[in-house]
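Trainee: I have the sequence and the model open. Can we go through the ligand site and the helix packing?
Mentor: Yes. Ask away.

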Amino acid sequence: MHSRQICLASRPAAQLEPQNFEVRESPLPTLENGEVLVRNTWLSIDPSIRLRLDDVVPSGYLPRFELGEPLVGLALGVVVDSRSDDFVPGDTVSHMLGYRDYAVVSATAGGLGGAGTLTTVEPGTWPLQWFLGPLGSSGLTAYVGLFEILGIEPTDTVWISAAAGAVGSIATQLARRHGCTVVASAGTRQKVDYLVDALGASRAFDHHDGDVGALLADAAPDGIDAYFDNVGGGHFSAALDHLRPHGRIAMCGAVSTYGTTAPMPSNLFQITAKSLRINGFRAGAYNHLYDSMRSIVGPGLRDGTMLYEESVYDGLGSAPLALIEMLNGRTRGKTLCRL
Ligand SMILES: NC(=O)c1ccc[n+]([C@@H]2O[C@H](COP(=O)([O-])OP(=O)(O)OC[C@H]3O[C@@H](n4cnc5c(N)ncnc54)[C@H](OP(=O)(O)O)[C@@H]3O)[C@@H](O)[C@H]2O)c1
């Protein structure tokens, strides 16, 4: 039996191109004790993959992909064979060996900072792929960033960047439901309208429309109390300038800097001057909060008071295009590849 995998064919220049990837086919190894064979059905397309395509990756993060190596990422699938007492054929599972059609997965190994451990998923009446999106890692990331890291209060004005994406769209709605005033930013006029008209943001702006600091000052003339940072770079720098004293930043991601050698912002002294609190986090360390997150997001999705969108690409070969389109702002909501 063989597996088809998306492999790194060449290291990207500034722009990621389809030719940086290739589909390779290789024989699947015989299952060892404690291993499970999974037929993948849904692949999560995540910005952080971009970091691992370069020669040099940030220390302390996940290792770079070697040339010819298959990519990995969160995935959902069905167990077709098992040599683990904990999984039987027919089980629906999540795990970290995405970017391929069949995967031999260790039943015990963790991965992706805690997010990728082989786990049974019981979708009930939910669409299965939502366990990669609002009921999965994207929902958990939004929930942790807002409630564990920022500790949002109803009186807060909160800025959320990349707000029409997988994490940002859930964060925008959770903050709004909590009573916060939400300023949201994204990369197209359609996304800006969607943020205000559908997701409940009080103000929204397109980050292409000028200096981000000026756009933020216009949207929140009295400043902001908290910033949920999905973008980094100039967005982070703008937040430092516009946070009120004792403001907070949750450093969730820095997608504008992935694949670049962006310099540090020159206004870091604002952190001291305004007694700001800045916390990075990796949602995989908060798996114990899945139930808490789902107890809020689930009913919201069920009764229609929360919305969820997805951008779906069909077939394993479309995964590189999905990644490129997502990084370039051409998707909305959660980006997925359906096998
Ligand atoms: N800490 C964690 O555990 C964790 C977990 C998951 C994700 N993350 C991070 O969270 C962030 C969002 O992830 P996601 O999965 O929800 O992705 P996403 O928001 O669905 O997709 C990324 C979006 O970022 C925006 N973007 C790309 N380049 C940009 C730039 N130069 N300036 C401004 N915006 C830019 C684009 O939308 P626009 O149209 O708005 O430009 C793009 O569609 C990423 O930084 C990711 O690495 C962190």
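Trainee: How far is the backbone N or O atom of G187 from an oxygen atom of the ligand?
Mentor: Keep in mind that this is a predicted model. The pair joins a backbone N or O atom of G187 to an oxygen atom of the ligand. A polar contact needs N or O atoms within 3.5 Å. The G187 separation is 3.0 Å.

Trainee: Which residue has a polar backbone atom 2.9 Å from a nitrogen atom of the ligand?
Mentor: Two residues fit that description. F281 has a polar backbone atom 2.9 Å from a nitrogen atom of the ligand. The distance of 2.9 Å also applies to a polar backbone atom of C252.

Trainee: Which of the 26 residues around the ligand come nearest?
Mentor: The ligand is surrounded by 26 residues. Five of the names stand out as nearest: V167, K191, Y258, A283 and M326.

Trainee: Now the helices. Are α1 and α2 oblique or parallel?
Mentor: Two packed helices are described by the angle between their axes and the distance between the axes. Helix α1 spans residues 137-150 and helix α2 spans residues 166-177, with axes 8 Å apart. Their angle is about 50°. That makes the pair oblique.

Trainee: Is the crossing of α1 and α2 left-handed or right-handed?
Mentor: Look at the residues that meet first. α1 brings S138, G139, T141, A142, Y143, L146 and F147, and α2 brings A166, V167, I170, A171, L174 and A175. By class, this contact has 10 nonpolar, three polar and no charged residues. The crossing is right-handed.

Trainee: How are α1 and α7 oriented, perpendicular or parallel?
Mentor: Helix α7 covers residues 290-302, and its axis lies 9 Å from that of α1. The angle is about 95°. Angles of 65 to 115 degrees count as roughly perpendicular. Therefore α1 and α7 are roughly perpendicular.

Trainee: How many nonpolar residues are in the contact of α1 with α7?
Mentor: From α1 come S137, G139, L140 and Y143; from α7 come Y290, S292, M293 and I296. Three of the contact residues are polar and no charged ones appear. The nonpolar count is five.

Trainee: At what angle do α4 and α5 pack?
Mentor: Helix α4 is residues 212-219 and helix α5 is residues 233-242. Their axes are 9 Å apart. The pair is oblique, and the crossing is right-handed. The angle is about 45°.

Trainee: Which residues of α5 meet α4?
Mentor: The α4 side supplies V212, G213, L216 and A217. By class, the contact has five nonpolar, three polar and no charged residues. The α5 residues are H235, A238, A239 and H242.

Trainee: Last one. Which side chain makes a polar contact of 2.7 Å with that of D314?
Mentor: D314 lies in strand β14, residues 310-314. Its C-alpha atom is 5.7 Å from that of C337, 23 residues apart along the chain. The side chain in the 2.7 Å polar contact with D314 belongs to R338.

How values were computed:
Residues are numbered from 1 along each chain as its sequence is written. This is a predicted model: local features need pLDDT of at least 70, side-chain atom pairs count only at pLDDT 80 or more; totals for chains, interfaces and linings use all residues. Side-chain values use heavy atoms; hydrogens and water are left out. Axes are lines fitted to C-alpha atoms, for helices over the stretch in contact, and angles run from 0 to 180 degrees between N-to-C directions. Helices (H or I, at least four residues) and strands (E, at least two) are DSSP runs, numbered from the N terminus. Angles under 35 degrees count as roughly parallel, over 145 as roughly antiparallel, 65 to 115 as roughly perpendicular and the rest as oblique. A crossing is left-handed if the near helix is turned anticlockwise from the far one by less than a right angle, and right-handed if clockwise. Contact means heavy atoms within 4.5 Å. Ala, Val, Leu, Ile, Met, Phe, Trp, Tyr, Cys and Pro count as nonpolar, Asp, Glu, Lys and Arg as charged, and the others, Gly among them, as polar. A residue is near a molecule or strand if one of its heavy atoms lies within 4 Å of it. A polar contact is a pair of N or O atoms within 3.5 Å; within protein, one must be able to donate a hydrogen and the other to accept it, and residues adjacent in sequence count only if both atoms are side-chain atoms.
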